[in-house]
Amino acid sequence: MALVNENYLKLPEYYVFNEIEQKINAHKVIHPEADVIRLGQGDVSRPLPDAVIRAMQNAVAELADVKTFRGYGPECGYRFLIEKILKYEYQTRGVNLSADEIFISDGSKSDVGNIGHIFGRDNIIAITDPVYPVYENAAIMGGRSGYLTDDDIWSNIVYIPCTEENGFVPQLPAEKVDIIYLCYPNNPTGIALTKDQLKVWVDYALENKAIIIYDGAYSAYIREDNIPHSIYEIKGAKKCAIEIRSYSKTAGFTGLRCSYTVVPKDIIGYTMNGEVLRVNGLWNRRMTTYYNGTSYVVQRGAEAMYTKEGQKQYKEIIDYYMTNAAIIREELTSLGLDVYGGINSPNIWVKTPYKKDSWRFFQELLYDAEVVCIPGDGFGKLGAGYFRFTGFNSRENTEEAMKRFKKWMG
Ligand code: MLT
């Protein structure tokens, strides 16, 4: 008799973005003529940069020729891409890392979920509320969340409130935590942390022998000068932080899939007996066992982002999405709504009008205006009473969605 992993039963049947997709599809079945505009899930709409396309075409041609054909690649990534990451993402910001501290993967969603695999089950995990749902979902599925308390929260998870009152900036927890998930610029609130605000967390982690999992999927959207692009810009972070970065939002790879995770060799974890271990070695073991490497063609595409031409092209695309975000911010602000984010991030976090329940708001907006948002409580309890828009749709659709929204608000 095959037993299932019962931890899965502790979660709703569908992941929140699936649930939203199902509601959109149901609406379309009832209204086949529906012209739904999606400002919900952060999926990109601009085509890939030309430089990326050409690099991938060349890579495909190499695979078509017996002299240049390649089979399995290195599990943790090709050197040609890792070297570009070291140079353009880190050395330019004064951060020195070595090639064996970078692990190329197929998307940051996979890595933020999988990273828990190398940590023990008894860690106390800190996540913000609201939060990108994968951190909590993966902890629950992996049996690392403990038990559900009378207050309906997981005993191994400490929720750090990010609310209007604290400017959506996470404050240190009163209790001691071991693993801390931080995502900045933040999904969903769109808020970024300054160096001083991030330093508070690095200092805490160093003092408490904790490890920070830093999700930097939106770092390419940072506009303001005092915002760190990498957690390693903070002194001491190489001893306590794992950084996860993605090409999805940076260069339009949501469909192609490519990301990287940085696990510095100075980060240590402990066994129950107090033995000291390098976390880098554990992640290397996991990657080489569970993964056979991101495809050669895709890694060549990612590498092309760092050419002069590639950099110019991807930055233009980011500017395009950020202009959409500015349009959304402006329009919603002009309606008197409380609007956050959208300055160092394509995510815009908005209080629902008339304190409407987030899911009800999502449904009414979908049914009446055929515009999709993400209901705030899809990101946690403290997301209730908020919704999220993103700037990732086309300019035309963004403008049309705002027109509909204004008309709907009447
Ligand atoms: C989002 O909309 O929050 C993201 O696109 C989801 C993801 O990256 O998985």
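**Close-up 1. Glu89 and its side-chain partners in helix α3.** In this predicted model, helix α3 runs over residues 79-90 and includes Glu89. The relative accessibility of Glu89 is 15%, so this residue counts as buried, the cut-off being under 20%. Have a look at what the Glu89 side chain meets there: a polar contact of 3.1 Å links it to the side chain of Arg245. The side chain of Tyr306 also makes a polar contact with that of Glu89, at 2.7 Å.

**Close-up 2. The residues around the ligand.** Phe17, Gln41, Gly42, Lys109, Tyr132, Asn187, Lys249 and Arg388 surround the ligand. Sorted by class, this shell holds three charged, three polar and two nonpolar residues.

**Close-up 3. Ligand oxygen atoms and their polar neighbours.** Here we zoom in on individual atom pairs. Lys249 places a side-chain N or O atom 2.6 Å from an oxygen atom of the ligand. From Gly42, a polar backbone atom lies 2.7 Å from a ligand oxygen, while for Asn187 a polar side-chain atom is found 2.8 Å from an oxygen of the ligand. On its own the ligand would expose 270 Å², and the protein buries 87% of that area.

**Close-up 4. A nonpolar patch on the surface.** Val4, Tyr8, Leu9 and Met141 together make a nonpolar surface patch of about 430 Å². One of these residues, Leu9, sits in the segment that precedes α1 (16-30). Leu9 counts as exposed because its relative accessibility is 64%, with over 50% as the cut-off.

Note on methods: Residues numbered from 1 in each chain as written. Predicted model: local features only at pLDDT ≥ 70, side-chain atom pairs only at ≥ 80, totals over all residues. Heavy atoms only, no water. Near = heavy atom within 4 Å. Polar contact = N/O pair within 3.5 Å; in protein donor to acceptor, adjacent residues only side chain to side chain. Areas by Shrake-Rupley, 256 points an atom, 1.4 Å probe, with all protein chains shown as cover. Nonpolar A, V, L, I, M, F, W, Y, C, P; charged D, E, K, R; others polar. Patch = residues over 30% accessible without salt bridge, like charges linked within 9 Å, V, L, I, M, F, W, Y side chains within 5 Å. Salt bridge = Lys/Arg side-chain N within 4 Å of Asp/Glu carboxyl O. Helix = DSSP H or I, 4+ residues; strand = E, 2+ residues; numbered from the N terminus. Buried < 20%, exposed > 50% of the residue type's maximum accessible area, 1.4 Å probe, protein only.
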